[in-house]
Structures are given as structure tokens and as C-alpha cells.
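The exercises below go through one protein chain, from its strands to its helices and then to single residues. Try each task with the structure in view before reading the solution.

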Amino acid sequence: MIYRRAEFKVRHDKIEEAEGIIAAFITQVHTNEPDTKIYDAFLEEDGYTFMHLMAFSGADAEEQHRNTPYLQEFVAKLYPLCEVQPVFTKLSAIGVAK
């Protein structure tokens with residue numbers, strides 16, 4: 001399993017727009033990517049920092065995710081709304097509940 005975290009900050013005046021873009025994107029992921037085992041988005045307590053957690057069944061699933069047209073659309077719509085662009089971190093599982 002491959003785990004990733006993405007963290008970014010959206011401009012304060014663009015939070016609602018970003019939330020809509022994120023929700024539509026996650027629907028696409030959950031509908032079309034059975035090997036993306038987790039793709040969840042969270043809004044931190046400050047109200048403008050977002051964190052996405054992802055788990056892919058393997059390298060092929062992660063590559064499939066990266067090459068989807070809806071990911072390209074998501075990036076094109078979301079990134080201009082960001083005060084701080086997404087930073088991606090590779091995570092190593094040391095304990096995972098099933």
C-alpha cells in the first residue's frame with residue numbers, strides 16, 4: 001500500500017469554492033478508482049488549511065490516479081485558489097486499523 005498526504009492553504013475568500021471543487025473531485029475518485037483505497041479530505045481548525053489523505057493499492061493505482069483527466073481539471077481549478085500550494089508527503093504505515 002502507498003500512502004500520501006497533501007496539505008495546502010486556500011485563500012480565505014475562496015473556501016466555499018474550494019470545498020465544492022474538492023467534493024466533486026473526491027466523488028470522481030471514489031467512483032472511478034477502485035484501487036485508490038482511501039481518498040479523504042479534511043479542513044483544519046484554522047478554517048483554510050486542507051489536508052488530503054490517500055492510500056493506493058500499489059504503484060499502478062497511484063499512476064492511474066495521476067493520469068486521470070479529472071485530476072488535471074481539479075489542479076487547474078484548485079491551485080489558483082491556494083494561498084499556499086499543495087505539499088505532498090509520502091507516509092510509511094506503522095499501524096493501520098482495518
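**Exercise 1: The sheet**

In this predicted model, strand β1 is joined to strand β4 (residues 82–91) by 7 bridges, and the two run antiparallel.

Task: Find the residue of β4 that stands opposite K9, then work out in what order the 4 strands form the sheet.

Solution.
- Step 1. Begin with the pair β1 and β4: K9 stands opposite V84 in β4.
- Step 2. Turn to the other partner of β1. Strand β1 (residues 2–10) is joined to strand β3 (residues 49–56) by 8 bridges, again in the antiparallel sense. Here R5 stands opposite L53 in β3.
- Step 3. Continue from β3 to β2. These strands pair antiparallel over 7 bridges, and Y39 stands opposite M54 in β3.
- Step 4. Put the pairs together. The order is β2-β3-β1-β4, in an open sheet with antiparallel pairing. The edge strands are β2 (36–43) and β4, since each pairs on one side only. From one strand to the next, the twist averages 15 degrees.

**Exercise 2: The hairpin**

Task: State how many residues lie between the strands in the hairpin of β2 and β3, and which residue there takes a positive phi.

Solution.
- Step 1. The hairpin of β2 and β3 has 5 residues between the strands.
- Step 2. The residue with the positive phi is G47, with a value near 90 degrees.

**Exercise 3: Helices against the sheet**

Task: Say which strands helix α2 (residues 59–66) lies across, and which of its residues are buried.

Solution.
- Step 1. Helix α2 lies across β1, β2 and β3, and runs at about 30 degrees to β1.
- Step 2. In α2, the buried residues are A61, E62 and H65. They cover an arc of only 100 degrees around the axis, so they are on the same side of α2.
- Step 3. Look at the other side of α2, where A59 and D60 are exposed.
- Step 4. Ask what covers the buried side. The cover of the buried residues of α2 includes β1, α1, β2, β3 and α3 (69–78).

**Exercise 4: Two helices side by side**

Task: Decide whether α1 and α3 are roughly parallel or roughly antiparallel to each other, and name the residues that make their contact.

Solution.
- Step 1. The axes of α1 and α3 come within 10 Å and cross at roughly 170 degrees.
- Step 2. Angles over 145 degrees count as roughly antiparallel. The helices α1 and α3 are therefore roughly antiparallel to each other.
- Step 3. From α1 the contact takes A18, I21, I22, F25, Q28, V29 and N32, and from α3 it takes Y70, L71, F74, K77 and L78.
- Step 4. Sorted by class, the residues in this contact of α1 with α3 are 9 nonpolar, 2 polar and 1 charged.

**Exercise 5: The buried face of α3**

Task: List the buried residues of α3 and say what they pack against.

Solution.
- Step 1. The buried residues of α3 are Y70, L71, F74 and L78. Seen down the axis of α3, they fall within an arc of 105 degrees, so they line one face of the helix.
- Step 2. On the other side of α3, P69 and A76 are exposed.
- Step 3. The buried residues of α3 pack against β1, α1, β3, α2 and β4.

**Exercise 6: Two strand residues**

Task: Find the strand of Y3 and the strand of T89, then classify Y3 and T89 by accessibility.

Solution.
- Step 1. Y3 is in strand β1, while T89 is in strand β4.
- Step 2. Residues under 20% relative accessible area count as buried. Y3 has 18% relative accessibility and therefore counts as buried.
- Step 3. T89 has a relative accessible area of 25%, so T89 is partly exposed.
- Step 4. Check the contacts, leaving out residues up to four places away in sequence. T89 touches Y3, R4 and R5. Y3 touches M54, A55, T89, K90, L91, A93 and V96.
- Step 5. Compare positions along the chain with distances in space. Y3 and L53 are 50 residues apart along the chain, and their C-alpha atoms are separated by 7.5 Å. T89 and F25 are 64 residues apart along the chain, and their C-alpha atoms are separated by 20 Å.

Technical notes. Residues numbered from 1 in each chain as written. Predicted model: local features only at pLDDT ≥ 70, side-chain atom pairs only at ≥ 80, totals over all residues. Heavy atoms only, no water. Pairing = 2+ DSSP bridges. Axes fitted to C-alpha atoms, helices over the stretch in contact; angles between N-to-C directions. Contact = heavy atoms within 4.5 Å. Buried < 20%, exposed > 50% of the residue type's maximum accessible area, 1.4 Å probe, protein only. Arc of directions from axis to C-beta. Parallel < 35°, antiparallel > 145°, perpendicular 65-115°, else oblique. Nonpolar A, V, L, I, M, F, W, Y, C, P; charged D, E, K, R; others polar.
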